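Thank you for making time for this. Please have a look at the chain on the screen, and I will then talk through a few places in it.

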Amino acid sequence: MATRRTMYYTDGSVVRKREVAEPVRHGNRREGDYHVTTHPRAAAKAENSLGFDGRYMFVITLMTVVMLVSCFVMLKIQNDVTTYERQILSLQNQLQTVQSDNIAFENTLNNMYSLEEIYQVATGELGMIYSQEGQIVYYESARDDYVTQYKDVPATGR
């Protein structure tokens, strides 16, 4: 004799009994086969819900294509960022090299001539002399940054 088994499942806050199909022995069925009786409306609803129609396949295909294109774009952007980072590092290294060369050239220029050598060349070769008393004229300026000269400097100071 077949025994009836019941299972419980929760749907919201209500617990209902659910009948589980029991083994039957009919015709060419083997022991352990289950016979499930369903309502025609439930069977039609289940059949329609599992069907893959053209619209469903189109939407799935479209979403797959959108996902693949998005992945491709993301990988392309990530590759571009990596390339730009490498270029930035290369340019930073070049900048450091140029700055160190500039500092070395500046030190070489600063150490090339002393003030005594500059004085000897200015007075000896170029004929320059120090200014004498009364040759320097001082002006009062309203602004501190520079003075613009519109006429020749007068011979005597004011």
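**A walk along the chain**

Let me begin with Val81, which is partly exposed, since its relative accessible area is 40%. Val81 lies in helix H2, and it belongs to a nonpolar patch on the surface that also takes in Val65, Val69, Phe72, Val73 and Ile77. Together, the residues of this patch have about 540 Å² of accessible area.

Before going further, I should say plainly that what you see is a predicted model, and that confidence in the prediction varies along the chain. Helix H2, which covers residues 54–112, has the highest confidence in the chain, at a mean of 95, whereas strand S1, at residues 6–11, has the lowest, with a mean of 54. Over the whole chain the average pLDDT is 79, and 69% of the residues reach a score of at least 70.

Now for the overall layout, which you can follow on the screen from the N terminus. The chain has 3 helices and 2 strands, and when you read from the N terminus the elements come in the order β-β-α-α-α. Of the 158 residues in the chain, 2% are buried. The accessible surface of the chain amounts to about 15900 Å², and carbon and sulfur atoms account for 58% of that area. If we take the contacts between residues at least 6 apart in sequence, then 2% of them join residues at least 24 apart.

Let us return to helix H2 and ask which side chains meet there in a salt bridge. They are those of Asp80 and Lys76, with a distance of 3.0 Å from N to O, and the count of salt bridges comes to 1. The two residues are 4 residues apart in helix H2, so about one helical turn separates Asp80 from Lys76. As for how open they are to the surroundings, Asp80 is partly exposed, with a relative accessible area of 26%, and Lys76 is also counted as partly exposed, at 43% relative accessibility.

My last stop is Val153, which lies in the segment after helix H3, the helix at residues 115–125. Which residues does Val153 touch, if we do not count those up to four places away in sequence? The answer is Val137 and Tyr139. Val153 and Val137 are 16 residues apart along the chain, and their C-alpha atoms are separated by 8.1 Å. Val153 has a relative accessibility of 44%, so it counts as partly exposed, a class that runs between under 20% for buried and over 50% for exposed.

How values were computed:
Residues are numbered from 1 along each chain as its sequence is written. This is a predicted model: local features need pLDDT of at least 70, side-chain atom pairs count only at pLDDT 80 or more; totals for chains, interfaces and linings use all residues. Side-chain values use heavy atoms; hydrogens and water are left out. pLDDT is the predictor's confidence in each residue, from 0 to 100. Buried means under 20% relative accessible area, exposed over 50%, partly exposed in between (1.4 Å probe, protein chains only). Contact means heavy atoms within 4.5 Å. Accessible areas come from the Shrake-Rupley method with a 1.4 Å probe; for residues, only the protein chains shown count as cover. Patches are made of residues with over 30% relative accessible area and no salt bridge: like charges are joined within 9 Å, nonpolar side chains (Val, Leu, Ile, Met, Phe, Trp, Tyr) within 5 Å. A salt bridge is a side-chain nitrogen of Lys or Arg within 4 Å of a carboxyl oxygen of Asp or Glu.
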